[in-house]
Amino acid sequence: MSDLIKNIIRFAVFILLQVYILNKLPALHQFIIPYLYFLFILWLPFAIPPIPLMIIGFLTGITLDSFTNTPGLHAAPCILIAFLRPFVIGILTPKDVNEFNYREPSPRSMGWSQYLIYALILTLFHHTYLIFLEWLSFGSFFRFLIKVISTTAISMLMIIVSELLFARRLRFRTNTA
Amino acid sequence: MRNIFLFIRRYFTFLVFIVLQAVSVWFLFRYNRFYRAKGMGVTNEITGWFNSRYNNVEDFFKMKEENKRILRMNDSLINLLSSNFVKNDSTVRIATDSIPFDTLGHYRRYAWRYAQVIYNTVNAEKNYIQINKGSGQGLKDNMGVFSSDGKLVGKIVNVSANYSMIMSLLHVQNNVDVMIKKSRNAGIITWDAKNSKLLTLTRIPKSDQLVIGDTVVTGNFSLSYPPGFMVGTVAEIVKDNSTNFYILKIKPAVNFSDLQQVMIVENLQYADQAQLLEETKKKVEEVKKPAQ
């Protein structure tokens, strides 16, 4: 399956999962909101250049926003993590795009510890910015801090679980590919 | 000039980032202020299509609960039929039908429609409900929304051709005029986004003798809701030491997480009342100005 079709299917699955399952879960606690849709941006191939990456991020965010009726609220953090992603990958695994053995960031291509740091940094940026935008219109600072920590924790948990459950079978890149 | 181009080329990625951020933040604040942005009507149509597909599946699991509510409502209505009473008052006959007014001078003030909920959340700070009727079916902004058993849900804040968005009581910007049924004192209901099972009611004076379980109903002064419909019951009473008012926690009568069918009420005199309010403000302010 080509990367394009695979990612289009992934996009639909992540958005539908977020809108119809995670957003509809009865709230466990006021501070815990499960977010997973941004994993789509974390899973995009290494080879995408920065500007198309940000545009994909914007489209992901604005699609979710049109379901939750909050235009811009999720789009802005998605653009931020799409912008930061190349830098974070560059710091954690300083390689050229062509040197990676696999096409996408995953525990297998980056190693578990580096992949988790990569996911944690971007999750933290995404949630901090998202909850900051919510906080501008409503809430207190204490609430903001607690919410960032608890939503990041629950998102990291879900990322780890989805990596373990749905181990992506990535093709090893050869010179012919 | 050359340096400017070099600068732009060098920081092009960052500039695109800034532009995209500006666009989305602009969307966000514009929408928050006016409740709607251009183009949201179109996306509303698209998300509405997905939501109604999803709703077909969801109905299968929740219709039983809904049927029970409707049965209870029917039960209470059937008891009001005039055929239940043997002795009719023969001197005055009140006819109420869908014509705006009859010859006896009874104006119809509220008209009811039904709609189906197709998307609904309770765990955000700003919860919206999407329903499958819109401006094509005669819905407009600011119409009140009640559950199928006549309990307050919220009001319409945005309509597209076939779908509408409702701001539910679980929305931090909601402000509903209500009253305590027993004492008929008016207050304002808000939500602090902390617990989806508790709303906050303020402005009820401490002179009221309240107990836990007292009923709260919609108020007399709202343009969107007819008076006297159930909103919830008092769950917690706190005396605010700094003012002369209670801070009450209200348990909403509606279970927001399993809404399926809703009733939409239109105030037929809404435009009239809103216009009067507007003109009064204008008139009073115009009179004031020369005096100052």
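## A salt bridge between distant strands of chain B

B:Glu266 has a relative accessible area of 12% and is therefore buried. This description rests on a predicted model, in which B:Glu266 pairs with B:Arg113 through a salt bridge whose closest N and O atoms lie 3.0 Å apart. The two partners come from distant parts of the chain, with B:Arg113 in strand β1 (residues 110–120) of chain B and B:Glu266 in strand β12 (residues 261–267) of chain B, a separation of 153 residues. B:Arg113 counts as partly exposed because its relative accessibility is 24%, whereas its partner B:Glu266, at 12%, is buried.

## Salt bridges within helices, and a network in chain A

Salt bridges that share partners also join A:Asp3, A:Lys6, A:Arg10, A:Arg103 and A:Glu104 into one network. One of the links is the pair A:Lys6 and A:Asp3, with 3.9 Å between the closest N and O atoms; this value falls just inside the 4 Å cut-off for a salt bridge. Both residues belong to helix α1 of chain A, where they are 3 residues apart, about one turn of the helix, and both of them are buried.

Chain B offers a further pair within a helix, in which the side chains of B:Glu66 and B:Arg69 meet at 2.6 Å, N to O. Because B:Glu66 and B:Arg69 are 3 residues apart in helix α3 (residues 40–78) of chain B, about one helical turn separates them. Both B:Glu66 and B:Arg69 are buried. Over all chains, the whole structure holds 16 salt bridges.

## Make-up of chain B

Chain B has 4 helices and 12 strands, and 38% of its 292 residues count as buried. Among the contacts in chain B with a separation of 6 or more, 61% are between residues 24 or more positions apart.

## The interface between chains A and B

The size of an interface is often given as the accessible area lost when the parts come together. For chain A and chain B the buried area is about 3300 Å², with carbon and sulfur atoms giving 67% of it. On the side of chain A, the residues that lose the most area to chain B are A:Tyr20, A:Asn69 and A:Pro71, which together make up 20% of what that side buries. In terms of residues, 36 from chain A and 34 from chain B take part in the contact.

There are 3 salt bridges between chain A and chain B, including the one in which the side chains of B:Glu125 and A:Lys147 meet at 2.9 Å, N to O. Polar contacts across this interface amount to 12 residue pairs, both residues being at pLDDT 80 or more. The elements of chain A that give two or more residues to the side touching chain B are α1 (3–22), α3 (50–68), α4 (75–92), α6 (112–137) and α7 (141–165). Of these, α3(A) gives the most, with 9 residues, and the residues of this side of chain A divide into 25 nonpolar, 7 polar and 4 charged.

## Two buried polar residues

A:Asp65 is found in helix α3 of chain A. Although buried, A:Asp65 has no salt bridge, and the nearest side chain of opposite charge, that of B:Lys126, is 11 Å away. The side chain of A:Asp65 does, however, reach the backbone nitrogen of A:Ala75 at 3.1 Å. Residues up to four places away in sequence aside, A:Asp65 touches A:Thr70, A:Pro71, A:Gly72, A:Leu73, A:His74 and A:Ala75.

From the other chain, B:Ser24 lies in helix α2 (residues 12–34) of chain B and counts as buried because its relative accessibility is 0%. Not counting residues up to four places away in sequence, B:Ser24 touches A:Phe58, A:Pro71, A:Gly72, A:Ala75, A:Ala76 and A:Ile79. Among them, A:Pro71, A:Gly72 and A:Ala75 are also touched by A:Asp65.

## A buried isoleucine in helix α4 of chain A

A:Ile89 has its place in helix α4 of chain A and, with a relative accessibility of 8%, counts as buried. Leaving aside neighbours within four places in sequence, A:Ile89 is in contact with A:Phe46, A:Pro94, A:Phe100, A:Pro105 and A:Tyr118. A:Gln114, which stands 25 residues from A:Ile89 in sequence, is 9.2 Å from A:Ile89 in space, C-alpha to C-alpha.

Technical notes. Residues numbered from 1 in each chain as written. Chains lettered and ligands numbered in written order. Predicted model: local features only at pLDDT ≥ 70, side-chain atom pairs only at ≥ 80, totals over all residues. Heavy atoms only, no water. Contact = heavy atoms within 4.5 Å. Buried area = accessible area lost by both parts, 1.4 Å probe. Polar contact = N/O pair within 3.5 Å; in protein donor to acceptor, adjacent residues only side chain to side chain. Nonpolar A, V, L, I, M, F, W, Y, C, P; charged D, E, K, R; others polar. Buried < 20%, exposed > 50% of the residue type's maximum accessible area, 1.4 Å probe, protein only. Lys, Arg positive; Asp, Glu negative; His and termini not counted.
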